[in-house]
Amino acid sequence: MAMKVILNQDVVNLGEEGDVCTVADGFGRNYLIPQGLAVPYTNKNIILFEQKKEQIAKRKEEKRQQALSLKEKIVALGSIEIKMQAGEGDKLFGAVTNAMIADQLQAAGIEVERKKIDMMGHVIKMLGSYDIRIKLYNNETADIKVVVSKEEEKA
(Lines give C-alpha, C1' and ligand atoms only; values in the text may rest on other atoms or scores of the structure.)
Protein backbone atom coordinates (compact mmCIF):
# COMPACT_ATOMS: atom_id res chain seq x y z
CA MET A 1 0.00 0.00 0.00
CA ALA A 2 0.96 3.62 -0.37
CA MET A 3 0.07 6.78 1.48
CA LYS A 4 0.20 10.48 0.59
CA VAL A 5 2.17 12.86 2.77
CA ILE A 6 3.07 16.56 2.66
CA LEU A 7 6.75 17.21 3.34
CA ASN A 8 7.60 19.56 6.24
CA GLN A 9 11.17 19.94 5.00
CA ASP A 10 13.40 18.86 2.14
CA VAL A 11 14.00 15.09 2.02
CA VAL A 12 16.81 13.83 -0.21
CA ASN A 13 15.60 11.70 -3.14
CA LEU A 14 11.96 12.41 -2.24
CA GLY A 15 11.09 16.10 -2.52
CA GLU A 16 11.13 19.59 -1.08
CA GLU A 17 9.20 21.29 1.67
CA GLY A 18 5.51 21.54 0.78
CA ASP A 19 5.61 18.81 -1.86
CA VAL A 20 2.91 16.13 -1.85
CA CYS A 21 4.51 12.70 -2.17
CA THR A 22 3.22 9.16 -2.35
CA VAL A 23 5.33 6.87 -0.16
CA ALA A 24 5.11 3.34 1.20
CA ASP A 25 2.91 3.09 4.31
CA GLY A 26 5.76 1.94 6.53
CA PHE A 27 8.15 4.65 5.35
CA GLY A 28 5.54 7.33 6.02
CA ARG A 29 4.24 6.01 9.34
CA ASN A 30 7.51 4.75 10.80
CA TYR A 31 10.01 7.30 9.56
CA LEU A 32 8.75 10.48 7.88
CA ILE A 33 5.91 11.38 10.27
CA PRO A 34 7.65 10.46 13.60
CA GLN A 35 10.81 12.34 12.52
CA GLY A 36 8.71 15.41 11.72
CA LEU A 37 9.76 15.31 8.08
CA ALA A 38 6.17 15.00 6.82
CA VAL A 39 2.52 15.18 7.84
CA PRO A 40 -0.37 13.04 6.58
CA TYR A 41 -2.21 14.31 3.50
CA THR A 42 -5.47 15.49 5.08
CA ASN A 43 -7.79 18.41 4.32
CA LYS A 44 -6.64 20.17 7.52
CA ASN A 45 -2.95 19.85 6.55
CA ILE A 46 -3.65 20.88 2.94
CA ILE A 47 -5.23 24.13 4.20
CA LEU A 48 -2.31 24.68 6.57
CA PHE A 49 0.24 24.33 3.75
CA GLU A 50 -1.81 26.56 1.42
CA GLN A 51 -1.47 29.31 4.04
CA LYS A 52 2.30 28.72 4.27
CA LYS A 53 2.80 28.55 0.48
CA GLU A 54 4.32 32.03 0.19
CA GLN A 55 6.80 31.42 3.03
CA ILE A 56 7.82 28.09 1.50
CA ALA A 57 8.37 29.70 -1.92
CA LYS A 58 10.52 32.39 -0.27
CA ARG A 59 12.66 29.77 1.51
CA LYS A 60 13.09 27.80 -1.74
CA GLU A 61 14.29 30.96 -3.50
CA GLU A 62 16.77 31.65 -0.66
CA LYS A 63 18.12 28.09 -0.92
CA ARG A 64 18.46 28.47 -4.68
CA GLN A 65 20.38 31.75 -4.26
CA GLN A 66 22.67 30.14 -1.65
CA ALA A 67 23.32 27.25 -4.04
CA LEU A 68 24.23 29.65 -6.85
CA SER A 69 26.67 31.59 -4.65
CA LEU A 70 28.17 28.29 -3.44
CA LYS A 71 28.54 27.18 -7.07
CA GLU A 72 30.38 30.42 -7.89
CA LYS A 73 32.82 29.80 -5.00
CA ILE A 74 33.43 26.20 -6.10
CA VAL A 75 33.97 27.20 -9.74
CA ALA A 76 36.32 30.01 -8.64
CA LEU A 77 38.30 27.54 -6.52
CA GLY A 78 38.73 25.29 -9.57
CA SER A 79 40.56 22.42 -7.92
CA ILE A 80 41.67 21.04 -4.58
CA GLU A 81 44.70 18.94 -3.76
CA ILE A 82 44.71 15.97 -1.44
CA LYS A 83 48.05 14.49 -0.39
CA MET A 84 48.05 10.77 0.32
CA GLN A 85 50.67 8.12 0.94
CA ALA A 86 51.17 5.96 -2.11
CA GLY A 87 53.11 2.83 -2.91
CA GLU A 88 54.32 1.23 -6.13
CA GLY A 89 52.46 2.06 -9.31
CA ASP A 90 50.96 5.20 -7.74
CA LYS A 91 48.49 3.06 -5.77
CA LEU A 92 47.22 4.77 -2.61
CA PHE A 93 47.39 3.31 0.88
CA GLY A 94 43.65 3.68 1.51
CA ALA A 95 41.26 5.71 -0.61
CA VAL A 96 40.08 9.28 -1.04
CA THR A 97 36.56 9.59 0.40
CA ASN A 98 33.90 12.24 0.06
CA ALA A 99 34.56 13.16 3.71
CA MET A 100 38.18 14.02 2.81
CA ILE A 101 36.97 16.15 -0.10
CA ALA A 102 34.46 17.91 2.20
CA ASP A 103 37.28 18.62 4.69
CA GLN A 104 39.47 20.13 1.95
CA LEU A 105 36.58 22.29 0.73
CA GLN A 106 35.91 23.42 4.31
CA ALA A 107 39.59 24.36 4.69
CA ALA A 108 39.10 26.54 1.60
CA GLY A 109 36.06 28.18 3.24
CA ILE A 110 33.36 26.25 1.36
CA GLU A 111 30.83 24.37 3.48
CA VAL A 112 29.44 21.27 1.70
CA GLU A 113 27.77 18.21 3.24
CA ARG A 114 29.76 15.09 2.41
CA LYS A 115 26.66 13.22 1.22
CA LYS A 116 26.24 15.84 -1.52
CA ILE A 117 29.64 15.02 -2.98
CA ASP A 118 29.08 12.57 -5.83
CA MET A 119 32.13 10.42 -6.52
CA MET A 120 30.26 9.15 -9.63
CA GLY A 121 30.48 5.51 -8.67
CA HIS A 122 34.23 5.24 -8.37
CA VAL A 123 36.52 5.19 -5.40
CA ILE A 124 39.77 7.10 -5.80
CA LYS A 125 42.61 4.66 -5.11
CA MET A 126 45.28 6.01 -7.46
CA LEU A 127 47.26 9.22 -7.76
CA GLY A 128 45.94 11.54 -10.43
CA SER A 129 43.31 14.10 -11.28
CA TYR A 130 39.57 13.40 -10.95
CA ASP A 131 36.42 15.37 -11.77
CA ILE A 132 33.95 15.31 -8.88
CA ARG A 133 30.36 16.56 -9.00
CA ILE A 134 28.79 18.34 -6.01
CA LYS A 135 25.00 18.37 -5.79
CA LEU A 136 23.86 21.75 -4.51
CA TYR A 137 20.10 22.33 -4.71
CA ASN A 138 17.43 20.90 -6.99
CA ASN A 139 19.22 20.07 -10.25
CA GLU A 140 22.02 22.56 -9.59
CA THR A 141 25.48 20.99 -9.51
CA ALA A 142 29.08 22.17 -9.49
CA ASP A 143 32.13 20.30 -10.75
CA ILE A 144 35.53 20.47 -9.11
CA LYS A 145 38.83 18.86 -10.00
CA VAL A 146 40.42 16.82 -7.22
CA VAL A 147 44.16 16.32 -7.63
CA VAL A 148 45.53 13.42 -5.59
CA SER A 149 49.27 13.76 -5.12
CA LYS A 150 51.90 11.77 -3.26
CA GLU A 151 52.63 12.82 0.30
CA GLU A 152 56.33 13.31 0.86
CA GLU A 153 57.73 10.51 3.03
CA LYS A 154 59.24 11.56 6.33
CA ALA A 155 62.85 10.56 6.88
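Biologist: Which strands does helix 3 lie across, and at about what angle does it run to strand 4?
Modeller: Keep in mind that this is a predicted model. In it, helix 3 lies across strand 4, strand 6, strand 8 and strand 9. Its direction relative to strand 4 is about 120°.

Biologist: In what order do the 4 strands of the open sheet come?
Modeller: Start from the edges: strand 4 and strand 6 (117-118) each pair on one side only. The pairing in this open sheet is mixed. Reading across, the order is 4-9-8-6.

Biologist: Which residue in strand 8 is the bridge partner of Ile117?
Modeller: Strand 6 and strand 8 run antiparallel, and 2 bridges join them. For Ile117, the bridge partner in strand 8 is Ile134.

Biologist: Which element gives the largest share of the largest nonpolar core?
Modeller: That core has 27 residues, and Ile74, Ile101, Leu105, Ile132 and Val148 touch the most other members. Elements giving two or more residues to this core include helix 2 (43-77), helix 3 (98-107) and strand 9 (140-150). The largest share, 5 residues, comes from strand 8.

Biologist: Is Glu17 buried or exposed?
Modeller: Let's place it: Glu17 is in the loop between strand 1 (2-7) and strand 2 (20-24). Not counting residues up to four places away in sequence, Glu17 touches several others, including Leu7, Ile56 and Arg59. Its relative accessibility is 9%, and the cut-off is under 20%, so Glu17 counts as buried.

Notes
Residues numbered from 1 in each chain as written. Predicted model: local features only at pLDDT ≥ 70, side-chain atom pairs only at ≥ 80, totals over all residues. Heavy atoms only, no water. Buried < 20%, exposed > 50% of the residue type's maximum accessible area, 1.4 Å probe, protein only. Contact = heavy atoms within 4.5 Å. Core = buried A, V, L, I, M, F, W, Y, C linked by side-chain atoms within 4.5 Å. Pairing = 2+ DSSP bridges. Axes fitted to C-alpha atoms, helices over the stretch in contact; angles between N-to-C directions.
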